[in-house]
Amino acid sequence: MKEKEDKPILELKSISVGFSGINVLQKIDLTLFPGEIHALVGENGAGKSTLMKIILGIISPDLGEVIFFDQKRKNQSIREIMESGISMIHQEIMLVPELSIEENIYLGREKELGFFPWEQKRNLRQKVKALLKDCHISFDPAEKVKNLSIADQQLVEILRAISQKAKLILMDEPTSSLSEKEVVLFQHLIQKLKAEGVSILFTSHKMEEIFNFADRITVLRDGNLIGSHLKKDLSEKELVFQMVGREMNQFFPNRNVSIGPKVLEVKNLTSKIKFENINFDLHAGEILGIGGLVGAGRTEIGMALSGLLKMDSGEILLNGQRVEFNRPKAAMQAGIAHVSEDRKENGFIPEFTMQENIGLSVLSDFQKWGFISFDEEKEMAGRHIKGLNIKHLSENQKVKNLSGGNQQKVVFATVLQQSPDILILDEPTRGIDVQAKYEIYTLMNQLLAEGKSIILISSDLPELIHLSDRVLVVSKGKQTALLEKNQIQADEIMKNAML
């Protein structure tokens with residue numbers, strides 16, 4: 001990328017937009033050059049996704065200009081914008097589950113494959129096979145998307161964008177569901193696109209990813225442009241300061257909690273096909289991490305412990321007593337709560353307000369003679385909203401309109417309302433900013449200080465290493481290591497995850 005020689009592929013000039021009288025973006029300027037990988041960073045709610053939607057044409061700015069290939073955009077439909085050479089990979093999966101991989105990749109573009117149905121079907125298979133081979137991805141094109149893991153679905157999203165031969169690809173948290181191994185593949189794909197002259201504008205909350213991938217970094221805070229820098233001119237510490245407006249002494253808060261007695265013991269836990277012969281124990285005040293590649297069985301172990309997945313054999317001992325959970329309610333009543341890796345699918349009801357979501361799991365507490373006391377529910381929800389510092393515009397705001405970090409806090413509030421003793425957290429900080437992560441880590445420390453226990457399932461190696469007291473590593477459904485605190489290192493986790 002040579003800024004002095006190249007003309008920008010994209011220019012944003014003084015972009016401003018507001019909703020309900022609140023300024024979301026104010027006079028944002030941004031340029032993107034051919035073959036440039038550009039990171040757009042900031043806290044949740046800083047305006048990153050809104051800016052992406054303006055570039056894609058989903059939202060029209062109140063003021064300012066969007067110039068693509070020297071052409072001012074005006075009154076173009078989303079289809080026209082995409083046909084001009086812009087594509088987007090959304091953070092939330094935007095695929096049709098019942099369709100195959102190949103059908104999803106060319107959905108809405110079938111005319112590119114020919115006029116006759118038989119011709120389309122033949123060309124579809126040929127083109128997708130060639131695409132998979134070129135990208136070194138071994139998918140069966142005919143496999144239905146609903147049968148894929150979230151990580152593999154994210155790769156299908158990336159393949160769809162590549163197939164469109166876009167000149168500019170927008171990526172909103174593209175690796176939030178990917179394992180370390182898949183992130184390496186992703187990096188190969190974006191370097192391939194860069195070499196072909198494709199420009200990429202991506203958002204991310206992962207420092208390692210930002211500094212590994214980006215040529216240039218632009219920082220937004222509270223809808224304002226803080227700065228745009230070449231990667232070499234910016235340190236992690238300086239970037240965090242620009243993002244949050246203050247220094248953070250460390251990414252992970254200190255914890256000084258004594259490990260207590262054994263509260264959970266798992267013996268030879270097995271669920272056919274998913275995992276087998278899993279053994280570990282968990283103590284009060286402890287974080288037990290579960291590491292491994294996506295698809296290794298980590299998520300399924302958490303689901304089995306919380307009644308979401310049937311176990312075929314093995315024992316679960318809770319405070320020395322054997323228990324069996326045939327449904328999630330039984331696990332909740334026993335004091336085990338589960339936070340899913342997919343908060344939008346399993347964590348909350350998007351159309352409900354914060355109050356309605358937080359009170360949903362304990363609705364009977366506010367009922368008398370079949371009537372709900374909304375005042376009691378509101379008072380309870382208000383305590384959690386204040387205690388977790390959930391940023392919102394109004395008490396009646398729907399959860400779907402909150403930022404990702406605040407949505408995750410609502411999920412935590414819903415779970416904490418159940419007063420659990422053991423929390424199973426599956427990717428609890430996926431897709432949220434550094435400040436929201438810090439707040440969730442602080443909350444976890446508070447829970448441990450109260451004598452609660454946490455099972456942490458995470459693809460974020462720094463998170464797993466810094467937070468865990470021990471780490472259970474799984475590979476292809478089998479337990480390959482149980483690492484003590486002094487053994488927890490990135491290379492040790494990855495070595496055992498790839499056995």
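**Exercise 1. Place Gly85 in the fold and decide whether Gly85 is buried or exposed.**

Step 1: Start with the address. Gly85 sits in the loop between helix H2 (78-83) and strand S6 (86-89). Helices (H or I, at least four residues) and strands (E, at least two) are DSSP runs, numbered from the N terminus. This is a predicted model, where local features need pLDDT of at least 70 and side-chain atom pairs count only at pLDDT 80 or more, while totals for chains, interfaces and linings use all residues. Residues are numbered from 1 along each chain as its sequence is written, and side-chain values use heavy atoms, with hydrogens and water left out.

Step 2: Check the accessibility. Gly85 has a relative accessible area of 9%. Buried means under 20%, exposed over 50%, and partly exposed in between (1.4 Å probe, protein chains only). So Gly85 is buried.

Step 3: Look for contacts (heavy atoms within 4.5 Å). Leaving aside neighbours within four places in sequence, Gly85 is in contact with Phe68, Ala166, Lys167 and Leu168.

**Exercise 2. Do the same for Gln407: which helix holds Gln407, and which residues does Gln407 touch?**

Step 1: You'll find Gln407 in helix H14 (residues 404-416).

Step 2: With a relative accessible area of 2%, Gln407 is buried.

Step 3: Not counting residues up to four places away in sequence, Gln407 touches Arg343, Lys344, Phe348, Val399, Lys400 and Leu402.

**Exercise 3. Describe the ring pairs Phe68 with Phe69 and Phe186 with Phe213.**

Step 1: Know your tools. A pair of aromatic rings is described by the distance of the centres and the angle of the planes. Rings of Phe, Tyr and Trp (its six-membered ring) pair if their centres lie within 6.5 Å; planes under 30 degrees apart count as stacked, over 60 as edge-to-face and the rest as tilted.

Step 2: The structure holds six aromatic pairs. In one of them, the ring centres of Phe68 and Phe69 are 4.8 Å apart and the planes are at 55 degrees, so this pair is tilted. Phe68 is buried at 6% relative accessibility, whereas Phe69, at 42%, is partly exposed.

Step 3: For Phe186 and Phe213, the centres are 5.5 Å apart and the planes at 50 degrees, so that pair is tilted. Phe186 belongs to helix H6 (residues 180-195) and Phe213 to helix H7 (residues 207-213), so the pair ties together parts that are 27 residues apart in sequence. Phe186 is buried at 2%, and Phe213 is buried at 3%.

**Exercise 4. How many cavities of 30 Å³ or more does the structure have, and what lines the largest one?**

Step 1: Get the term straight. On a 1 Å grid over the protein atoms alone, a cavity is a set of points where a 1.4 Å probe fits but cannot get out; lining residues have an atom within 4 Å of a point. Grid points are joined across faces, edges and corners, and a volume is the space filled by probe spheres set on the points.

Step 2: A search of the whole structure turns up two cavities of 30 Å³ or more. The largest has a volume of about 130 Å³.

Step 3: Its lining is made of 15 residues, with Lys206, Thr429, Arg430, Gly431 and Asp460 nearest the centre.

Step 4: Now the second largest cavity, at about 70 Å³. Of its 13 lining residues, Glu180, Gly292, Ser459, Leu461 and Met494 are the closest to the centre. Helix H17 gives the largest share of this lining, three residues.

Key:
On a 1 Å grid over the protein atoms alone, a cavity is a set of points where a 1.4 Å probe fits but cannot get out, and a pocket is an open set with protein on both sides within 12 Å along at least five of seven lines; lining residues have an atom within 4 Å of a point.
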